[in-house]
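Got your viewer open and your mouse ready? Let's take a walk through this one, stop by stop.

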Amino acid sequence: MQANMFPSQSTLVVIILQCILAATSYPNFQNLNVQNSKTFQNHNHNHIDEGMWKLKLVHRDHIASTKLPVPDDLRQRFHARMQRDVKRVADLTRRLSAAAKNYEMADFGADVVSGLDQGSGEYFVRIGVGSPPISQYMVIDTGSDIVWVQCQPCIECYKQSGPIFDPAASASFVIVSCSSAVCDRLDNGGCHAGKCCYDVKYGDGSYTKGTLVSETLTIGPTLIQNMAIGCGHRNNGTFATAAGLLGLGGGSLSFVGQLGGQIGGAFSYCLPSRGSRSSGWLAFGRGAFPVGAAWIPLVRSLQAPTLYYVRLSGLGVGGVRVPISEDIFRLTQLGYGGVVMDTGTAVTRLPTVAYEAFRDLFIAQTRNIPRASGISIFDTCYNLFGLDITMFPPISFHFSNGPILNLLGKNYLLRVNDVRTLCFAFAPSPSELSIIGNIQQEGIQISFDAANGYVGFGPNVC
């Protein structure tokens with residue numbers, strides 16, 4: 001371990017590539033190099049292809065571990081998931097509101113929300129950490145920037161699947177110095193004995209504290225050198241059995257931001273369906289972009305550059321547009337409102353006025369289906385015993401400039417117990433903020449082109 005060696009700025013050059021995303025117009029999609037997208041199904045989930053790195057993606061409930069077994073009871077898993085979800089949404093809402101208020105008072109340099117502490121995440125990939133690489137499960141989170149793993153010596157650590165990373169066994173481990181420009185980018189950074197320290201507290205009470213280091217990460221056969229990651233010596237929380245977190249947010253310290261020109265800010269994912277043993281995937285690079293996706297512009301927030309905002313114009317039920325104004329979903333210049341796409345939030349949140357109109361139209365079209373009592377955060381539930389999910393009307397998201405995303409029943413009806421009770425998987429937001437959660441994203445290929453400011457939906461499913 002090279003504990004006393006501090007990397008120069010040139011050593012960490014990959015970190016400062018393309019920190020400011022270019023605001024260019026999106027090219028004609030048919031002209032992009034997409035031939036590799038046709039070979040996805042013929043390769044292993046963990047592989048490298050020309051212009052594409054791909055990883056197997058699993059839900060936290062399906063990580064095998066003898067240290068921390070997953071509850072078999074569906075009701076227990078449901079309630080645990082909702083508890084995590086409520087805490088994440090409450091913290092994200094609180095911090096965005098505080099940032100907007102500070103901006104409104106013309107304190108333009110204060111409280112930019114990095115997304116570093118919104119929650120513990122739901123989906124996991126395996127990557128290699130160090131040299132030689134140690135395979136580790138990592139939470140993926142589009143609402144976070146920092147990449148970190150639990151590290152020895154472990155002053156305080158939670159149980160994880162597999163061994164805790166030992167820096168002494170890695171030939172590529174280098175501590176980042178306080179004088180490094182990378183250290184200055186940490187929201188909650190500090191110095192100790194010349195070392196750059198980080199401290200991240202999550203909305204659900206989880207936290208990680210340690211040293212910022214430069215390390216080699218491995219995706220399949222591909223080595224990614226000089227990646228700035230947190231080496232956590234004090235960690236606690238609800239990360240299931242994951243060793244750490246892989247931040248995929250829009251900030252310069254995220255995994256995507258640090259790779260810069262190597263992937264062009266491009267990544268895609270297909271979240272696996274909950275309640276099944278199937279897996280999804282996470283891919284980096286433009287080779288993962290499919291032909292035929294519906295592309296919509298991303299919206300940049302000065303107050304929350306980590307988060308991916310989209311322009312939602314309305315909602316539909318059974319082909320009928322919900323009677324609400326598009327302004328309900330607008331992101332203001334001060335940072336209020338807007339619609340965030342987030343892999344770490346489970347249930348889509350809508351401003352109360354929008355949610356109630358949406359729910360009421362859904363209820364009006366499902367009068368012939370037996371109702372059940374509300375449960376947890378859901379007020380609209382059904383007894384589907386002996387019935388079929390196809391009886392429910394289709395749901396759609398309408399985006400600005402025309403694209404419409406039609407959702408399958410599994411994307412808007414959530415099974416909450418073992419007696420076939422299904423609930424309308426939306427909830428009112430505690431603020432003007434809307435969040436498109438992972439339940440509504442499951443099974444749909446979603447592609448981010450951060451460099452050009454677009455997100456694509458479909459056409460592939462998983």
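Which backbone nitrogen does the side chain of Ser301 reach at 3.3 Å? Select Ser301 and look along the chain: the backbone nitrogen you want belongs to Gln303. While you're there, pick out Ala304 too, since the Ser301 side chain also reaches its backbone nitrogen, at 3.1 Å. You're in the loop that links strand E14 (294–299) with strand E15 (308–310). Now, is Ser301 buried or exposed? Its relative accessibility is 3%, and because buried means under 20%, Ser301 counts as buried. Leaving aside residues up to four places away in sequence, Ser301 touches Tyr309 and Leu331.

**Colour by confidence**

Keep in mind that this is a predicted model. Across the protein chain the mean pLDDT is 80, and 80% of the residues score at least 70. Helix H4 (residues 352–364) has the highest confidence, at 98, while strand E1 (residues 47–49) has the lowest, with a mean of 40. Select residues 64–71 next: pLDDT stays under 50 here, and the model gives this stretch 13 contacts beyond four places in sequence. Then try residues 103–119, also below 50, where the model has 57 contacts beyond near neighbours in sequence.

**Strand E4 and its partners**

Now select strand E4 (residues 134–141). Why call it largely enclosed by the rest of the structure? Because 6 of its 8 residues are buried. On to its partners: strand E3 (residues 123–129) pairs with E4 in the antiparallel sense, over 7 bridges. Show Phe124 and you'll find its bridge partner in E4, Val139. E3 and E4 make a hairpin with 4 residues between the strands, and Gly130 there takes a positive phi near 90°. E4 also runs parallel to strand E11 (residues 244–247), joined by 4 bridges. To spot that pairing, show Met138, which stands opposite Gly244 in E11.

**Two open sheets and a helix**

Next, select E17, E16, E22 and E23, which form an open antiparallel sheet in that order. The edges are strand E17 (320–321) and strand E23 (404–407), each pairing on one side only. Strand E22 (residues 395–399) and E23 run antiparallel, with 4 bridges between them. Show Ile395 to see Leu407 of E23 standing opposite. Now bring back H4: it packs on this sheet, touching strand E16 (312–317), E17 and E22, and its direction makes about 20° with that of E16.

Leave H4 on and add another open sheet, of 4 strands in the order E20-E21-E25-E24, again with antiparallel pairing. Here the edge strands are strand E20 (371–372) and strand E24 (413–415). E20 runs antiparallel to strand E21 (residues 381–383), with 2 bridges joining them. Arg371 has its bridge partner in E21, namely Tyr382. H4 lies across E20, E21, E24 and strand E25 (421–424), running at about 135° to E25.

**Into the cores**

Last stop: the nonpolar side chains. In soluble globular proteins, these tend to be buried together. The largest nonpolar core here has 71 residues, and Leu246, Phe255 and Phe284 touch the most other members. H4 gives this core its largest share, 5 residues. Apart from that core lies another, of 22 residues; select Val139, Tyr158, Val200 and Leu245 to see some of its members.

Notes:
Residues numbered from 1 in each chain as written. Heavy atoms only, no water. pLDDT = per-residue confidence, 0-100. Contact = heavy atoms within 4.5 Å. Buried < 20%, exposed > 50% of the residue type's maximum accessible area, 1.4 Å probe, protein only. Polar contact = N/O pair within 3.5 Å; in protein donor to acceptor, adjacent residues only side chain to side chain. Pairing = 2+ DSSP bridges. Axes fitted to C-alpha atoms, helices over the stretch in contact; angles between N-to-C directions. Core = buried A, V, L, I, M, F, W, Y, C linked by side-chain atoms within 4.5 Å.
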